[in-house]
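Please open the model in a viewer and keep the selection panel at hand. The tour proceeds by short steps, each with something to select.

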Amino acid sequence: MAKSKPRVKAPKKASKGDIVTIKTLISHIMETGLRKNKKTGKIIPRRIINKFQAKFEGTEIFSVDLDPAISANPFFQFSMKAEKSGEFEFIWTDDNGEVYSKKSKLTVS
Amino acid sequence: MKDLSRREVLALGSTAAAAALFINPLTAHAETDLAKDLIKKFTGGKAATEGKIKLEMPEIAENGNTVPLSFTVESPMTKKDYVKRVIIIAGGNPRPEVATFNFSHLSGVAKASSRMRLAKTQNVIAVAELSDGSFHMAKTEVKVTIGGCGG
């Protein structure tokens with residue numbers, strides 16, 4: 001599988017009290033563990049992103065526990081109330097233990 | 001497989017949908033049982049009332065591999081009164097649990113979107129847990145033309 005590439009669309013600027021919308025996507029096969037290899041008849045082992053976390057200045061604002069029913073290339077859209085300037089950190093955890101992350105700065109005026 | 005024209009594909013799709021509708025009454029019980037167990041686990045046996053949460057999904061999903069999913073829970077999202085978690089359940093999937101969304105009072109609004117897989121036509125259920133310990137649920141039916149959990 002190609003290396004998972006996280007993508008984030010988060011605003012750079014906001015006014016205090018605004019509700020900002022964040023969109024995230026990561027390229028990932030999200031193998032359910034239910035499919036069979038058509039040639040060998042063996043079950044393809046499960047491999048999914050099992051946890052997504054969005055933090056702002058180290059505090060969790062939103063997270064998701066994923067099950068195999070989430071589509072390939074998991075996409076999430078969610079919100080945060082902009083109170084102060086700081087940095088977002090987005091973390092995806094793979095079944096195989098790999099962790100992918102991405103950061104984004106927000107300036108609140 | 002031979003190449004199908006668009007017309008043939010559409011015709012096939014509607015036959016499959018009709019077939020799914022026909023089978024539905026038989027499988028409906030098994031679905032709700034699995035889903036009920038999960039809801040029970042999530043609420044700890046408490047009853048979930050309908051309302052407060054709105055689940056938005058397409059009525060008909062042509063491709064069960066990626067079905068848009070969006071929900072909103074009515075809540076002021078303050079430190080004292082906010083939405084803790086929302087679980088999404090698809091009782092007709094081989095594994096009914098889809099995802100659990102965890103919110104905090106910093107979320108501003110209890111609203112999120114994602115994309116999910118659906119194996120067949122079924123009801124999708126969303127249950128929200130509020131900070132006061134109450135549970136609220138919403139249900140919506142999605143008709144699936146091509147299932148999305150692999151063969």
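Begin by selecting chain A of this predicted model. Of its 109 residues, 28% are buried. Colour chain A by secondary structure: eight strands and zero helices appear, and the order along the sequence reads β-β-β-β-β-β-β-β.

Next, turn chain A along its principal axes. Its C-alpha atoms fill a box of roughly 60 × 20 × 20 Å. The radius of gyration of chain A is 16 Å, whereas a compact globule of 109 residues would have one near 13 Å. Among the contacts in chain A between residues at least 6 apart in sequence, 56% join residues at least 24 apart.

Now display chain B as well, and go to the contact between the two chains. Chain A contributes 26 residues and chain B contributes 28 residues. On the side of chain A that touches chain B, the elements giving two or more residues are β5 (59-66) and β6 (75-81). β5(A) supplies the largest share of that side, eight residues. By type, the residues on this side of chain A are 15 nonpolar, six polar and five charged.

Select β5(A) together with β6 (residues 97-103) of chain B: the two strands run antiparallel and are joined by five bridges. To look at one pairing, pick A:F62, whose bridge partner in β6(B) is B:F103.

Finally, select B:L118, in the loop between β7 (110-116) and β8 (122-130) of chain B. Is this residue buried or exposed? B:L118 counts as buried because it has 28 C-beta neighbours inside 10 Å, and 20 or more are required. Add B:G92 to the selection: it is 26 residues from B:L118 along the chain, and their C-alpha atoms are separated by 7.7 Å.

Conventions
Residues numbered from 1 in each chain as written. Chains lettered and ligands numbered in written order. Predicted model: local features only at pLDDT ≥ 70, side-chain atom pairs only at ≥ 80, totals over all residues. Contact = placed C-beta atoms within 7 Å. Helix = DSSP H or I, 4+ residues; strand = E, 2+ residues; numbered from the N terminus. Nonpolar A, V, L, I, M, F, W, Y, C, P; charged D, E, K, R; others polar. Pairing = 2+ DSSP bridges. Buried ≥ 20, exposed ≤ 12 C-beta atoms within 10 Å, placed from the backbone. Rg over C-alpha atoms; globule rule 2.2 N^0.38 Å.
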